[in-house]
Structure formats: structure tokens, C-alpha cells
Amino acid sequence: MGIFSQRAVSYLAVTGAGFGVVLMAVRAFYAISLLEPLQLTTSGAEYESLYAIWKYVNGLTVYADHTRIPFAGSFYNWVYYAFYGETARLVIVTLSLSDYWLPTVTRLTTMGGIVYGAWISARLFVALVARGNDDVKRLGLTFALLLFFGPLMGFFGMATQPDIWGFAFDVTAVYFFLRFYDAQPAAAVLLFWLFAYLAWGFKQIFVYSTGAVGLFLLLRRDWRMVAMLTVVSVLGWSITLAVGSDQYVKNVLLFGGVSVVLDWAQFVRNVGNVAIKLLPVLLGLAGIVAAMATDRGIWFRITEVAYVAGRWMPNGVLGFAAVGILVTSVFVLPASAKLGAAENYYFMLSFFLALLLLAALAAISQSGTWPVPVALTLSLGWLLHIAALAMVLAGITGTLSPRYLHASLTGLRDCLAAKNLTKPLFVAHPYLSLPWMIPADQHFVIQTNYRWDRQRGIEMEGGGIGGLIDQGYFATIAVLGISYDGSALPRYQPRGETCGNFKIYDRVGGRSE
């Protein structure tokens, strides 16, 4: 096939994966500095995590009621806050750093996660799937880099978020299960459970691998291992929830009671973005399907590898990956329709899709070269991938640098700091409300779902921010416009001073009780 030979395709994939690594490095260069503590947002509601980790570092209560003043939220699981908090405390104390450096430390912690995740994924793909085939080995390496350094990962690879280490530990759990299940099933299940628990401990939605392994064992009628996995998993979760505070249990299991709003447009946007960012995998799988449809030999080869002969039980890596896709899709598809959800919900599904593709390629490679549809679609996927990333690197599309946010936020911080603001103070910007940005008695780092909670009529202490403003709770407020959170600011008088688009108001008279 010339330029579409297995070797040519695998080296094209290496080139494409290299583009992803370069793009991640460039973005990290702009988002993280060891010379100054950059204040910016890389992705998502990063300020929520930064505030919770700051509280952990300073020995304050992490899991608080988000309906009470100051309406901040901590909705992820305990290992996340403990891991990032202990790491941040160690670095800050050892190097005698100020709180300004907390975002830098936590982002570097996340980047450690993508390096580890890529390593363990490559180890799984190369050692357990490729099995001596050099072309599939190279593809295994490239897909590991695609998952953790590619466009789907994007700025999440350096964000203060729980997803990266949760994802990495879920992949680790799968690695140990596949590595030991055939020879030592009990050891495989116990090692699997340990890392699956850590994944769940970062973010409670990471039960993907647990569901996949559970269903895989169930379909194989491995009742002993099903029982063992069920007992250790339920025991681990139950002990954790029993030891945790009531507020911890409420925040982790019920997300504190925040509004969960599903939106069809959000779902379509997320699915579309994921499809574009996973073209090498999705088009490769399309090539596999086309080859199976046109060549019965390939159909039989893949099905005999994926299932136990005559019993239709899932078998090996190929069968396990198919089960993983099924289970993960059940969790991910509805969850990604939630307002505020993004492509990070698809991390584990992308892993199972890549695992399925590599396992299918390995099965086909044992009996010959890759069929033309497979080589063509894989090549097309990687070529489109390279073209898209080249456009981002050239500044034609996408986001290369969030550094402008640092200039904006620090400019606003310095301006507000020079205005002699009287406490209690409210600034209508969650990042500017972080403790090291603008000093205040209370830090109103308002949780992301606050606006939707208010729309649903969830009761807030003091009537929420708007109610507190009506009562004159704050001595000074800095807001955008002439109203905020349903309040027309009746007890406040504008100074006539601004910082950017923020208008500064002072309370007239005393506070109403």
C-alpha cells in the first residue's frame, strides 16, 4: 500500500502525537511560570478547587454548606483535596512561598498526572495489547500521548481539577486487572480495587472501571471474583462515607443538593467537540467496522478474539474494552448533558475506545497486514489531527495562551486594592475573591451552580448575595452594573470610581439586622 503501509501509518501517528505534546508544552509555558505566580483560569471553575485546597492547607473546614455564607462549594471527593492540599503545603512550606503561588503548585501537580497517565497508558497498550508487533507498539505509544497530551485533554492537563489523577488511576486499575486476571484473578481484583478506589477518591464519578470490570466478570460468570469485587468496593466506599462528616456525605453523594440541569444543546456541543478531538481513534474504529463488513475473515478473527468460543462471553482485552465502552457510555452520555459539563467527562470513554481499536489492530496483525480501509481511515484521522493542531499552534484557531487573563486579573486586583475598600467587602468575581487576591474577612468564592440554585428557589442564608446587599450586610461592594443577584442596591451609593467594568458602591447608613 506504499504510503499507507502499517509502518508508514504508525510513524504518521507518532508525528501527530508529537504535535499534541508540543501544543501542551506551549500552553503550559504560557499558563505556568516559575518566575512569577500567574493568576489566571485554565479551564472550568478552577477557583472553586483553589479555594477548597487553600482551606485544606490552612487547616480550615473543606466541606461546607454552599447555601450558607459565603456560598462556596467543595463537591469533589476527599483524596483530591488531601493529595493536592498536602502537596501544596509541602512545597509552600519548604520553599517559603506565599499563597500567591498556590495555583502554580496545583497546576504543576496536575501536569505530573498527565505524565504519569501517559506512562501507565503506554505501558498497558504496549505490553498488554501490542504483544511484540512493532507497528501496534508505536500506535500504542501515540494513543497514550493522544489521551493525556492531546486536544481532548487540552487545558485540563494543567488545571486545578480532580479529573486528571482520577483518570490516571482508573487507567492504572485497568492495567493491573488485565495484567494479572488470567494468572492471579484474586490479586488482579484486589490491585484493581485499590487504584479504582483512588480514582473514585479524586472524583466520585470515576466508577467507570469498577462498572466495566464488574460487568466483565458477571458476563464471564466468574461469581467468586464478582463477589470479591463487590465486597471490597462496597466496604471501601461505606467505610469512607461512615467516617466522613454529614456535610462530606451530602456534598459527595448529592453534590450538596445543587441544581443539576440537563441541556440538549450542552450534550450536542460536548459530543461534537469530543468527536473532532478524537478523530484518529474514531476514524480508525470506522475502518475496522468497514473491514469487518467487507471481509468475513476479519470478522471471524476479531469475534473469536473478543468472545469465548460458543458461549459469547467477553474475552481478553478486546472483549473487556467493548464492555468498558458500554458501561462508560451509560454514565457519560447523560452526565455530559449537565449544564457546566465539558469534554472531561469523556476521558475514560476515550481510553476504552482507544483500547478497543488497538486490540482489534493487534488481532488483525496476527494474521496479516492491515486492510486498506483500516490504513486509510487511520491515516486520514492522524492527518486531520495534525492539520488541526498546526492551526492552533499557528494562532489561526483555538486558544494558545491564557496569559492575558493574568494581566487582567492582577490589574483589577491592584486597582481595587488602591481604592481603600471597607470591610465587609463583596467583589462580584470568584477569582478576585480568593484569599490572596483581595484581603477580606469572608471570601465569597461563589460556587458555579449558585445562579441555577437561585433560579430554582433553593433557600440561601440571608436571601443569598442579593438579600445580603438589600440588608446592607457589606460595607463596600464592587459589581458590574447597577444591580446584582436580584438586588437594585437600594442601600448603596456609587463612588463614581471604577476598576475596569466594576463599579464601586459604599453602604449608606448602618446595616439592617
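Here is a short chat about a sheet and a pair of helices in this predicted model.

Me: Why are H1 and H16 called roughly parallel to each other?

Reply: Helix H1 (residues 6–31) packs against helix H16 (residues 372–393) at an angle of about 25°. Angles under 35 degrees count as roughly parallel, and therefore H1 and H16 earn that name. Their axes are 9 Å apart, and H1 passes H16 in a left-handed crossing.

Me: Which residues make the contact?

Reply: On H1 they include Val-9, Leu-12, Phe-19 and Arg-27. On H16, Trp-382, Ile-386 and Leu-389 are among them.

Me: What makes up the contact of H1 with H16 by class?

Reply: There are 17 nonpolar, five polar and one charged residues. Arg counts as charged, and Arg-27 of H1 is part of this contact.

Me: Now the sheet! What makes S3 and S5 edge strands?

Reply: The open sheet has four strands in the order S3-S4-S6-S5, with mixed pairing. Strand S3 (425–427) and strand S5 (492–499) each pair on one side only. Neighbouring strands here are turned by 25° against each other on average, direction ignored.

Me: How do you know that S5 and S6 pair?

Reply: Two strands pair if there are at least two bridges between them. S5 and strand S6 (residues 502–507) have five bridges, so they pair, in the antiparallel sense. Cys-499 stands opposite Phe-502 in S6.

Me: Which helix lies across these strands?

Reply: That is helix H17 (residues 403–417), which lies across S3, strand S4 (476–480), S5 and S6. H17 runs at about 130° to S5.

Methods: Residues are numbered from 1 along each chain as its sequence is written. This is a predicted model: local features need pLDDT of at least 70, side-chain atom pairs count only at pLDDT 80 or more; totals for chains, interfaces and linings use all residues. Side-chain values use heavy atoms; hydrogens and water are left out. Helices (H or I, at least four residues) and strands (E, at least two) are DSSP runs, numbered from the N terminus. Axes are lines fitted to C-alpha atoms, for helices over the stretch in contact, and angles run from 0 to 180 degrees between N-to-C directions. Contact means heavy atoms within 4.5 Å. Angles under 35 degrees count as roughly parallel, over 145 as roughly antiparallel, 65 to 115 as roughly perpendicular and the rest as oblique. A crossing is left-handed if the near helix is turned anticlockwise from the far one by less than a right angle, and right-handed if clockwise.
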